[in-house]
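Work through the exercises below with the model open. Try each task before reading its solution.

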Amino acid sequence: MALDSDTLEQLLDTIRRLVRDRLVPLEAEVSANDAVPADVIAEMRELGFFGLSIPEEYGGIGLSMTEEVLAVLELGWTSPAFRSVFGTNVGIGSQGIVIDGTDEQKQSWLPRLASGEIIASFALTEPEAGSDAGSLRTTAIRDGDHYVLNGSKRYITNAPHAGIFTVMARTDPETPGARGVSAFIVERDSPGLSVGTPDKKMGQQGAHTADVIFEDCRVPAENLIGGVEGQGFKTAMKVLDRGRIHMGAIATGMAERLIDESVRYASERQQFGKPIGEFQLIQAMLADSRTEAYAGRTMVLDAARRFDGGENIAIEAACCKLYCTEMVGRVADRAVQIFGGAGYMAEYPIERFYRDVRLLRIYEGTSQIQQIVIARNMLRDAANG
Ligand code: COS
């Protein structure tokens, strides 16, 4: 644990108050404007949100995974667009450097990521390589003391705002699959790097994604993460393992919010002369949602504890991502049902959450990829006795 229990409680309380008093009332505005207000971003910077997971020696708060999960469960209570502002600095954008970077790389980038001075994006997905991440085509060919990158990346979260990208590219075009892939830190203003127009999405307005294109983009060789070629796929997998617990916590936080909205509505909305919450068919939906969200909370806390204890959590992390993101889909669907016509109307938050949670089953590894990861690891463990 990075924090003593009083400091952790204070941090969680600060997040809870910010989320419920300040962010929830802004949700509709963020969605309509497709932007998080600048003063909110400044406040999140001030509170240290960008550095939640970055070690203290590099200016972050250095939360353990358990502490991070507790923070993220609180953040899940509101629109995911708010978390997205700093989410890539806490997770997939920074963790490649934290986990596998050299000391120099950590010193030169992590303090600026922790303070929120710059945003980091994670650039793995390509037009032709999504779930099959090992087949990516972007190349990085050594030329003197530089690498020259060519190719394009797709649906990259925070690309429009990023100061640096963690880019997975093929340094060895002769080696197909995962082994020829390396990871680089690429600065936004590198010559030959351009960012496409922001994508139009089903939900999560206020969080932005775009293509990133490399045309003879020269990157200093010292920006090869860890200084060793051929390790980039493994770096990406380690980053995603950790991210899957984080994602499970976000999904569970969102489920808890949807349940809160559902209970309140069920207590107020009257039909047949009484609150609809008094009908057992509504009660069944509330009870199922509560049971599943409790299971999600318990899972993410258990996986985080194991991660902090140094266990290999590849299976548990994928279980969290799979279960919690599917679970919040069911909870959101029941919330629409409990709200009835009002659940379908943009005037209430349920319709927006229903669209927002749909992405959770897709990004950072689809549900089907999580199933593959879980089953493959089970079979491998069995074969190894
Ligand atoms: N941690 C460390 N190393 C890992 C790892 C992990 N969690 N998972 C795999 N590796 C290593 C393997 O051990 C293997 O190393 P060796 O070549 O030394 O044996 C290497 O990485 C390749 O692994 P594997 O053969 O399993 O790779 P596959 O190409 O079969 O891909 C899946 C495996 C499908 C699981 C992977 O491509 C994946 O996770 N895809 C989804 C990617 C994703 O989440 N995309 C979303 C967009 S990114 S936000």
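**Exercise 1. Find the polar contacts of the ligand with Asp241, Lys234 and Ser131.**

Solution. Start with Asp241: an N or O atom in its side chain is 2.8 Å from a nitrogen atom of the ligand. A polar contact here is a pair of N or O atoms within 3.5 Å; within protein, one must be able to donate a hydrogen and the other to accept it, and residues adjacent in sequence count only if both atoms are side-chain atoms. Next take Lys234, whose side chain places a polar atom 2.8 Å from an oxygen atom of the ligand. Finish with Ser131, where a polar backbone atom is 2.8 Å from a ligand nitrogen. Now add the cover: taken alone, the ligand exposes 1,000 Å², and the protein buries 70% of that (Shrake-Rupley method, 1.4 Å probe).

This is a predicted model: local features need pLDDT of at least 70, side-chain atom pairs count only at pLDDT 80 or more, and totals for chains, interfaces and linings use all residues. Residues are numbered from 1 along each chain as its sequence is written, and side-chain values use heavy atoms, with hydrogens and water left out.

**Exercise 2. Describe the shell around the ligand and place it relative to the domains.**

Solution. Count the neighbours: 20 residues surround the ligand (a heavy atom within 4 Å). The closest are Ser131, Arg179, Lys234, Asp241 and Arg376. Sort the shell by class: nine nonpolar, four polar and seven charged residues. Here Ala, Val, Leu, Ile, Met, Phe, Trp, Tyr, Cys and Pro count as nonpolar, Asp, Glu, Lys and Arg as charged, and the others, Gly among them, as polar. Then trace the elements: α8 (232-268) and α12 (367-383) each supply at least two shell residues. The largest share, seven residues, comes from α8. Helices (H or I, at least four residues) and strands (E, at least two) are DSSP runs, numbered from the N terminus. Last, the domains: domain 2 (120-230) and domain 3 (234-383) both give residues to the shell, so the ligand lies between them. Their bounds come from an automatic or database domain assignment.

**Exercise 3. Compare the span of α8 with the expected value, and say how covered the helix is.**

Solution. α8 has 37 residues and reaches 53 Å from its first C-alpha to its last. That is close to the 54 Å expected (1.5 Å times one less than the number of residues). For cover, 28 of the 37 residues of α8 are buried. Buried means under 20% relative accessible area, exposed over 50%, partly exposed in between (1.4 Å probe, protein chains only).

**Exercise 4. Which backbone atoms does the side chain of Gln105 reach?**

Solution. Locate Gln105 in helix α7 (residues 103-115). Its relative accessibility is 4%, so Gln105 counts as buried. A polar atom of its side chain lies 2.9 Å from the backbone nitrogen of Thr102. The Gln105 side chain also reaches the backbone oxygen of Leu224, at 2.6 Å.

**Exercise 5. Are Phe272 and Glu364 buried or exposed?**

Solution. Begin with the backbone. Most residues other than glycine have a negative phi. Phe272 has a positive phi, near 50°, and Glu364 has one near 55°. Phe272 is in the loop between β8 (270-271) and β9 (274-275). Glu364 is in the loop between α11 (349-358) and α12. Now the accessibility: Phe272 is exposed at 77%, whereas Glu364 is buried at 16%.
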